[in-house]
Amino acid sequence: QVQLVESGGGLVQPGGSLRLSCAASGSIFSIYAMGWYRQAPGKQRELVAGITSGGSTNYADSVKGRFTISRDNAKNTVYLQMNSLKPEDTAVYYCSALLKSPSGLNDYWGQGTQVTVSS
């Protein structure tokens with residue numbers, strides 16, 4: 001059974017920083033793309049940042065220059081460094097992974113971690 005477990009969310013003041021982590025565990029053959037999504041109250045879930053197994057990245061326009069996604073393939077872990085946080089970054093952040101396991105090639109999601117940016 002594959003699990004994705006996020007950590008690192010919390011309450012931070014505007015202009016502050018947080019680092020999210022997401023570790024994949026279980027019977028995993030290969031992890032391809034990994035990413036971070038977020039969902040604010042009353043809004044649809046949106047892609048924040050993605051990273052391929054080769055390290056290519058993409059970002060939502062709203063976070064470019066402030067957020068950095070990275071991954072440690074040896075640890076099956078993806079990170080999201082969030083700097084210069086704004087109140088509009090407040091949301092539940094979810095990590096995702098496209099990976100191959102004994103069940104085949106599937107998308108997996110974490111349980112979500114709350115990020116609140118407020119003074």
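Let's start with a pair of strands. Strand 7, residues 67-72, and strand 8 are joined by six bridges, and the two run antiparallel. Keep in mind that this is a predicted model.

Look at the bridges one by one. Asp72 has Thr77 in strand 8 as its bridge partner. Ser70 is paired with Tyr79 of strand 8. Find both pairs on the screen.

Now the turn. The hairpin of strand 7 and strand 8 has four residues between the strands. Asn76 sits in that loop. What is the sign of phi at Asn76? Positive, near 50°, and Asn76 is not a glycine. Asn76 is also partly exposed, because its relative accessibility is 25% and the buried class stops under 20%.

Stay on strand 7 for a moment. Thr68 belongs to this strand. Is Thr68 buried, partly exposed or exposed? Its relative accessibility is 41%, so Thr68 counts as partly exposed. Which residues does Thr68 touch, once neighbours within four places in sequence are set aside? The list is Tyr59, Tyr79, Leu80 and Gln81. Here is a distance as well. Thr68 and Arg45 are 23 residues apart along the chain, and their C-alpha atoms are separated by 19 Å.

Next, strand 8 itself. Strand 8 covers residues 77-82. How many of its six residues are buried? Five, so strand 8 is largely enclosed by the rest of the structure. We have already met one pairing of strand 8, the one with strand 7. Strand 8 also pairs with strand 3. That pairing is antiparallel too, and has six bridges. Within it, Leu18 stands opposite Met82 of strand 8.

Move past the end of strand 8. The loop between strand 8 and strand 9 holds Ser84. Ser84 is another non-glycine residue with a positive phi, near 50°. Its relative accessible area is 42%, so Ser84 is partly exposed.

Now put the strands together. In what order do the four strands lie in the open sheet? The order is 1-3-8-7, with antiparallel pairing. Strand 1, residues 3-7, and strand 7 are the edge strands, and each of them pairs on one side only. From one strand to the next, the twist averages 15°. A general point helps when you look at any sheet. In a regular strand, side chains alternate between the two faces of the sheet.

Last topic: the disulfide. The structure holds one. Which two cysteines does it join? Cys22 and Cys95, with an S to S distance of 1.9 Å. Where do they sit? Cys22 is in strand 3, residues 18-25, and Cys95 is in strand 9, residues 91-101. The bond therefore ties together parts that are 73 residues apart in sequence. Are these cysteines buried or exposed? Cys22 is buried, with a relative accessible area of 0%. Cys95 is buried as well, at 0% relative accessibility.

So, a quick tour to repeat at your own screen. Begin at strand 7 and cross its six bridges to strand 8. Go on from strand 8 to strand 3, over six bridges again. In strand 3, pick out Cys22, and follow the disulfide to Cys95 in strand 9. Then go back to the two loop residues. Asn76 lies between strand 7 and strand 8, and Ser84 lies between strand 8 and strand 9.

How values were computed. Residues are numbered from 1 along each chain as its sequence is written. This is a predicted model: local features need pLDDT of at least 70, side-chain atom pairs count only at pLDDT 80 or more; totals for chains, interfaces and linings use all residues. Side-chain values use heavy atoms; hydrogens and water are left out. A disulfide is a pair of cysteine sulfur atoms within 2.5 Å. Buried means under 20% relative accessible area, exposed over 50%, partly exposed in between (1.4 Å probe, protein chains only). Two strands pair if DSSP finds at least two bridges between them. Contact means heavy atoms within 4.5 Å. Axes are lines fitted to C-alpha atoms, for helices over the stretch in contact, and angles run from 0 to 180 degrees between N-to-C directions.
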